[in-house]
Amino acid sequence: MRFVAALTALAVGAGGMMAPVPVTAATAAKTASAKTTQKAQKKKAPIKKKKTRKSNARKTVRAAPPVLSYGQKQGLRATPDPLSLKSSVALVVDQDSGEVIFSKNPRAVLPIASITKLMTALVITEAELPLDEVLTVTQDDIDVVKGTQSRLRVGTRLTRGEMMHLALMSSENRAAHALGRAYPGGLPAFVKAMNGKAQELGMTGTRYVDPTGLSSGNQSTARDLAMLVEAAYEYDLIRSLSTSPEHFVAVGPRELRYRNSNRLVSSPQWSIGLQKTGYIAEAAGCLVMQAELAGRKLIMVLLDSAGHYSRIADAERLRHWITGDADPATFALPVS
């Protein structure tokens with residue numbers, strides 16, 4: 001047997017004396033092997049990475065600045081009036097005599113949103129196109145300007161009369177666009193006809209670029225729109241379609257219920273012969289009506305109305321003022 005004399009171990013005896021302990025070759029080999037293994041383990045041991053705390057802070061998303069209406073940009077909302085209307089533009093005209101009963105910025109040129117559809121209906125009606133002809137909603141009728149939604153899916157088939165009904169009563173954009181697209185000569189010819197009719201009526205401050213009103217390029221004045229209401233009122237079809245409280249249409253296996261966008265048509269306080277509402281951000285709230293109040297046939301125009309219900313509240317204020325059934329002092333209160 002071979003001995004390794006150079007290796008010794010210290011052991012503590014019973015009396016506390018330290019004595020040399022001889023180490024055999026086998027013991028030395030085991031000790032060396034253990035040390036080698038420990039060194040190897042230390043080298044191979046994975047380095048623990050320090051845990052980093054995940055930030056709980058959410059990324060701040062800056063909201064887009066609100067879109068100002070053209071009326072706001074022009075400072076029209078600062079215009080005072082005796083009724084404290086929320087609409088920047090207002091006009092009330094006696095339909096028979098032409099007398100101006102109320103006026104506020106009547107010549108301001110502003111976007112008119114879906115009031116546009118009144119001209120759409122007038123052009124279709126005067127063209128005497130068959131109302132029972134079936135039109136189909138296509139991809140071209142999808143709103144790519146504002147991204148508005150519609151219950152009339154691509155492929156929906158309705159008659160021209162039903163399309164016009166939904167466009168006037170509920171401001172159905174795809175229906176209005178389909179009406180213009182199906183006009184002889186297509187959409188360009190239809191827009192040309194709209195502008196031609198405006199010129200014919202003497203609407204010198206008016207311009208149309210599409211049949212829906214989704215584009216802010218459709219612009220007019222309260223004075224011009226009063227002329228449009230008067231011209232459209234001549235047609236029983238436009239009067240009845242624009243003032244029906246609701247309408248049901250069959251779309252395949254479904255039956256869709258549409259309601260009038262102007263709740264005043266169902267009010268017993270009003271006798272409305274024709275109406276149209278409108279809204280896009282650039283135009284704010286808009287409303288035109290023909291109504292009989294205090295024994296007079298009146299045409300009312302409200303444009304750039306701040307707030308979702310303000311155009312309706314303004315119409316009510318005008319009704320109270322005209323009929324004299326409210327204390328004028330109440331008009332100084334804010335419109336809800």
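Start by selecting helix α7, residues 222–232, in this predicted model, and colour its buried positions, which are Ala222, Asp224, Leu225, Ala226, Leu228, Val229, Ala231 and Ala232. With 8 of its 11 residues buried, α7 is mostly covered. Asp224 is worth picking out by its side chain, as this aspartate is one of the buried residues of the helix.

Next, select helix α3, residues 116–126, where 10 of the 11 residues are buried, so that the helix is largely enclosed by the rest of the structure. The buried set runs through Thr116, Lys117, Leu118, Met119, Thr120, Ala121, Leu122, Val123, Ile124 and Thr125. Just after α3, stop at glutamate 128, whose phi is positive at about 55°.

Keep α3 on display and add helix α5, residues 173–181. What angle do the axes of α3 and α5 make where they cross? They cross at roughly 40° and come within 10 Å of each other, and the crossing is left-handed. On the α3 side the contact is made by Lys117, Thr120 and Ile124, and on the α5 side by Asn173, Ala176 and Leu179. Sorted by class, the residues of this contact comprise 3 nonpolar, 2 polar and 1 charged. Lys117, Thr120 and Ile124, which you have just selected for the contact, also appear among the buried residues of α3.

Now bring in helix α4, residues 160–170, whose axis comes within 8 Å of that of α5 and crosses it at roughly 135°. Because of this angle, α4 counts as oblique to α5. The crossing of α4 past α5 is left-handed. To see what fills the contact, select Arg160, Met163, Met164, Leu166 and Ala167 of α4 together with Ala175, Ala176, Ala178 and Leu179 of α5. These residues divide into 8 nonpolar, no polar and 1 charged. Ala176 and Leu179 of α5 deserve a label, since they take part in the contact with α4 and also in the contact with α3.

While α4 is still selected, move to histidine 165, which lies in this helix. Is histidine 165 buried or exposed? Its relative accessible area is 9%, so histidine 165 is buried. Setting aside neighbours within four places in sequence, the residues in contact with histidine 165 are Ser170, Leu241, Ser244 and His247.

Turn finally to the open sheet of 5 strands, and colour them in the order β4-β3-β13-β12-β11, in which the pairing is antiparallel. The edges are held by β4 (100–104) and β11 (272–280), each of which has a single partner strand, so one side of each is left without a neighbour in the sheet. Neighbouring strands here are turned by 10° against each other on average, direction ignored.

At the β4 edge, select strand β3, residues 87–94, which runs antiparallel to β4 and is joined to it by 4 bridges. One pair to display is alanine 90 with its bridge partner in β4, lysine 104. The hairpin of β3 and β4 has 5 residues between the strands, and within this hairpin glycine 98 takes a positive phi near 80°.

At the other edge, select β11 with strand β12, residues 284–293, which are antiparallel and joined by 8 bridges. End the tour at glutamine 275, which stands opposite methionine 289 of β12.

Key
Residues are numbered from 1 along each chain as its sequence is written. This is a predicted model: local features need pLDDT of at least 70, side-chain atom pairs count only at pLDDT 80 or more; totals for chains, interfaces and linings use all residues. Side-chain values use heavy atoms; hydrogens and water are left out. Axes are lines fitted to C-alpha atoms, for helices over the stretch in contact, and angles run from 0 to 180 degrees between N-to-C directions. Helices (H or I, at least four residues) and strands (E, at least two) are DSSP runs, numbered from the N terminus. Angles under 35 degrees count as roughly parallel, over 145 as roughly antiparallel, 65 to 115 as roughly perpendicular and the rest as oblique. A crossing is left-handed if the near helix is turned anticlockwise from the far one by less than a right angle, and right-handed if clockwise. Contact means heavy atoms within 4.5 Å. Ala, Val, Leu, Ile, Met, Phe, Trp, Tyr, Cys and Pro count as nonpolar, Asp, Glu, Lys and Arg as charged, and the others, Gly among them, as polar. Two strands pair if DSSP finds at least two bridges between them. Buried means under 20% relative accessible area, exposed over 50%, partly exposed in between (1.4 Å probe, protein chains only).
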